[in-house]
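Trainee: I would like a close look at one part of this model. Please take me through how its helices pack.

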Amino acid sequence: MAVVLIVAEIKNGEVRKPTLELLAQAGRLGLEAHALLAGAGVSTLADTLAGHGAAKVYVSDDPSLKTPFPGQITQLADTAAGKSSATMVWFSPSEVSRAAAPALAARKGGSYASGLNSLQADGAGWTGTRQAMATKVVQKIKLSGPFQVMVFSSGAFEAGGAPKAAQTETLPPPPVNPQLSLKEVAVEEQKGEVDLGEARVIVTVGRGAKDPDGVAFVKKLADALGAGYGSTRAVVDSGWRPHSSQVGQTGRSVAPEIYLAVGVSGAIQHLAGMSGSKKIVAVNKDPEAPIFSVADYGVVGDLFKVLPVWLEELGRLKK
Amino acid sequence: MKILVPVKQVMDVELNVRVAAGKVVEDGMTLVLSKWDENALEAAVQLKEAGTASEVVVVTVGPESAGETLRKAMAMGADRAVHVLDPAADGSDSLGVARVLAALGAKEKPDLILAGLQAQDTDMGGVGPMTAELMGIPCLSNVTKIEGTGPTLTIHRRGDQGREVIAVTLPALITANDSLNQPRLASLKGIMMAKKKPMDTLTLENLGAAGVAGAAHALTQIAEFQPPAARAAGRKFTGEPEVIAKEVFDLLVKEAKLVG
């Protein structure tokens, strides 16, 4: 049975859902899934990975991996892939995998694709689909050769399983490149905010909110809905919201059940990061705003007049 | 400090993209410098203007038409250009392009390579990190700020836990986020000067990179293009804001289960 090594993504002491999706999908494709679990204080998560389908878990648990450099993950994935005789390595989309995954493909002379949202066996290789040109086209892409590295978009597959005892092997932490030194990790995520990657509903604020007070006002809608609170690049660049909240190609790609774009004009880089959302709602004063081209419900109107009505209605429903 | 900026000429994705017979319809599309490459180039030119960089070299692996992109990059401030122009490179995958760039890197020996986060046509993001890996230098992706004068730079990058501040001793490769800067428009003077700046045209053989790139060596190949799944046409509501707000709210609760 062909082996795929899945690089687990850990956040706040938990295995993130995209990793569980990949473990489940490996089983559906008849592959033996192995997992790489790298981080600081992560060993206990091996059982979660095993329960979702990892036949073996390679664990590297060390303080030096708290905020790993991509090169460390490339090294560990290379080592684990060698030990498990994996012919494929799968990553979920993250800032680490952006650099670690292509580097692994280069090191192994393998084929590489990012942003995959489907995969099927195709002769000796694999064929997947992915979006390109700011999601304006779908590419059918073939990966061949003896080694493949793939990054999938989140939500590509269904997850399933429950923890069980894992078979593990410990890997020593890889050395840090002496050219690099981590000075600071500025954790910008606001306490109590819903993770954009897991949210059922996301409210995103754009430049239409005008100023920090407007941004705080739109947040009331996110809070009332228990929704994630995203922002556009313009809002982030103005310093009104943290980088971690940016939805779009250079920030987070999201695909919630309901996406409410409030005062968002809809630059293509933004649309490409959210157009996979099931239902899209847009509130914008400008009837020509590009966001309306993807909106299922387009409200042409001033957000400062529309949102108070919604907040009042939500308050009434809660009573 | 010498900076190498790899750039790509792409179809303008701001335009309406059409697909026919498994291919993107080129008719009616214009070719532009990929957006994030502009950010990388702007950062390089700013480092030169600050006196940190001594030379900015721009490079592309692409067809004849990509020469226009190199002229544009020189109009924005790059000092000279290298055009890897070789039919043998056609159909390269990300790794093929990275091998060509690494071969050029071995020749040019830049202290810093500044690349775009990804190309706007493929949105793949492979070439930068692959080039760094092949050259044995560290790669810092999705960078939003560059400080310092070398040989150590302080960079800010998007991390999974927040903004990471990293000191990096050169040589290194950085990929640019669009928050890094606002790329300048080429001035008339810049455009005139660019016409006189040197542009070398090289083949794979010139670089000692024959037989490492091109369709024959591409393990990753695009089989076909398809149009994206069509979204059902949406409804647009206009009128008194308070009235349409109530109307849409009721629809969202009923049809989209807004309150889950």
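Mentor: What follows looks at helix 4 of chain B and its helix partners, then turns briefly to other spots. Keep in mind that this is a predicted model.

Two packed helices are described by the angle between their axes and the distance between the axes. Start inside chain B. Helix 3 covers residues 94–108 of chain B, and helix 4 covers residues 127–135 of chain B. Their axes come within 8 Å and cross at roughly 50°. That angle makes helix 3 of chain B oblique to helix 4 of chain B. The crossing of these two helices is right-handed.

Now the residues. Helix 3 of chain B brings Ser94(B), Leu95(B), Val97(B), Ala98(B), Arg99(B), Leu101(B), Ala102(B), Gly105(B) and Ala106(B) to the contact. Helix 4 of chain B answers with Val127(B), Met130(B), Thr131(B), Leu134(B) and Met135(B). By type, the residues of this contact are ten nonpolar, three polar and one charged.

Next, cross to the other chain. Helix 4 of chain A, residues 95–108, also packs on helix 4 of chain B. The angle is about 50°, and the axes are 8 Å apart. Helix 4 of chain A is therefore oblique to helix 4 of chain B. This crossing is right-handed.

From chain A, the contact takes in Arg98(A), Ala99(A), Pro102(A), Ala103(A), Ala105(A), Ala106(A) and Arg107(A). They meet Pro129(B), Met130(B), Glu133(B) and Leu134(B). These residues divide into eight nonpolar, no polar and three charged. Met130(B) and Leu134(B) take part in the contact with helix 3 of chain B, and they also meet helix 4 of chain A.

Another link between the chains involves a loop. Gly234(B) lies between strand 14 (220–226) and strand 15 (235–237) of chain B. Beyond its neighbours within four places in sequence, Gly234(B) contacts Ala295(A) and Asp296(A). Gly234(B) counts as partly exposed, because its relative accessibility is 41%.

Finish with the aromatic rings. The whole structure holds three aromatic pairs over all chains. One of them is Phe217(A) with Phe304(A), stacked at 5.6 Å centre to centre with 25° between the planes. These two sit 87 residues apart, Phe217(A) in helix 5 (residues 212–225) of chain A and Phe304(A) in helix 8 (residues 303–318) of chain A. Phe217(A) is buried, at 18% relative accessibility. Phe304(A) is partly exposed, at 30%. Elsewhere, ring pairs join Trp90(A), Phe152(A) and Phe157(A) into a cluster.

Key:
Residues numbered from 1 in each chain as written. Chains lettered and ligands numbered in written order. Predicted model: local features only at pLDDT ≥ 70, side-chain atom pairs only at ≥ 80, totals over all residues. Heavy atoms only, no water. Axes fitted to C-alpha atoms, helices over the stretch in contact; angles between N-to-C directions. Helix = DSSP H or I, 4+ residues; strand = E, 2+ residues; numbered from the N terminus. Parallel < 35°, antiparallel > 145°, perpendicular 65-115°, else oblique. Left-handed = near helix turned anticlockwise from the far one by under 90°. Contact = heavy atoms within 4.5 Å. Nonpolar A, V, L, I, M, F, W, Y, C, P; charged D, E, K, R; others polar. Phe/Tyr/Trp six-rings, centres within 6.5 Å; stacked < 30°, edge-to-face > 60°. Buried < 20%, exposed > 50% of the residue type's maximum accessible area, 1.4 Å probe, protein only.
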